[in-house]
Amino acid sequence: MNNYELMVIFTPVLSEDEFKAAQKKFTALVTEAGGSIIHENPWGLKSLAYPIQKKTTGLYWVLEYTAPSDFNEKLKIQLLRDENVLRHLCTKLDKFAVEYNAKKNSGVKTGTEKAVEAQ
């Protein structure tokens, strides 16, 4: 089992329920393949750096999970087939990234936070 992080940009025309249904669809794919969900983070509507399919915003969603190495090809096919997905990126995490994400998700300071200036 390897650790992965998946970022998906969904089309901005999805309703809140459709956005949650799309998230559940991909988390179910991971669990059905024998993987497990570590952390899920819906970022919501954000501006895109450049237009994709004539859209300037997208619904961002980040998923951290563990799965067998052969699962990612099946996941990629499902992501490419889904017309609600504008872009996706799946990254294999090394032990340092897993440790960093665990600290970040638990609320421990990681040392990369921006300093807030007191006024």
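Select Tyr 4 and follow its strand pairing across to E3, where the bridge partner of Tyr 4 is Tyr 65. Keep in mind throughout that this is a predicted model. Moving along to Glu 5, you will find that its bridge partner in E3 is Glu 64. These two bridges belong to the contact of strands E1 and E3, which pair in the antiparallel sense over nine bridges.

From Glu 64, turn to the other neighbour of E3 and select His 39, which stands opposite Glu 64 in E3. Strands E2 and E3 also pair in the antiparallel sense, here over 11 bridges.

Now show the strands together, and an open sheet of four appears, in the order E2-E3-E1-E4 and with antiparallel pairing. Select E2 and then strand E4 (85-92), which stand at the edges; each has a single partner strand, so one side of each is left without a neighbour in the sheet. Looking across the strands, you can follow a twist that averages 20° from one strand to the next.

Add helix H1 to the view: H1 packs on the sheet and touches E1, E2, E3 and E4, while its direction makes about 25° with that of E3. Colouring E3 by accessibility shows that this strand is mostly covered, with 10 of its 13 residues buried.

The next stop is the hairpin of E2 and E3, which has two residues between the strands. Select Gln 53, in the loop between strand E2 (36-52) and E3, and check its backbone: although Gln 53 is not a glycine, its phi is positive, at about 50°. With a relative accessibility of 51%, Gln 53 counts as exposed, because the limit for that class is over 50%. Lys 54 is found in the loop between E2 and E3 as well, and its phi, near 65°, is again a positive value in a residue other than glycine. Lys 54 is exposed, with a relative accessible area of 84%.

Leave the loop and turn to the aromatic side chains, among which the structure holds six aromatic pairs. Begin with Phe 10 and Phe 26, whose rings form a tilted pair at 6.3 Å centre to centre, with 35° between the planes. Phe 10 lies in strand E1 (residues 2-10) and Phe 26 in helix H1 (residues 16-32), so this pair ties together parts that are 16 residues apart in sequence. Is the ring-bearing residue Phe 10 buried or exposed? At 0% relative accessibility, Phe 10 counts as buried, and Phe 26, also at 0%, counts as buried too.

Keep Phe 10 selected and add Trp 61, with which Phe 10 forms another tilted aromatic pair, at 6.2 Å centre to centre and with 40° between the planes. This pair links distant parts of the chain, since Phe 10 is in strand E1 and Trp 61 in strand E3 (residues 55-67), 51 residues apart. Trp 61 is buried, with a relative accessible area of 0%.

To finish, select Phe 10, Phe 19, Phe 26 and Trp 61 together, and you have the cluster into which ring pairs link these four residues. Seen with the strands and H1 displayed, the cluster includes Phe 10 of E1 and Phe 26 of H1, together with Trp 61 of E3.

Technical notes
Residues numbered from 1 in each chain as written. Predicted model: local features only at pLDDT ≥ 70, side-chain atom pairs only at ≥ 80, totals over all residues. Heavy atoms only, no water. Phe/Tyr/Trp six-rings, centres within 6.5 Å; stacked < 30°, edge-to-face > 60°. Buried < 20%, exposed > 50% of the residue type's maximum accessible area, 1.4 Å probe, protein only. Pairing = 2+ DSSP bridges. Axes fitted to C-alpha atoms, helices over the stretch in contact; angles between N-to-C directions. Contact = heavy atoms within 4.5 Å.
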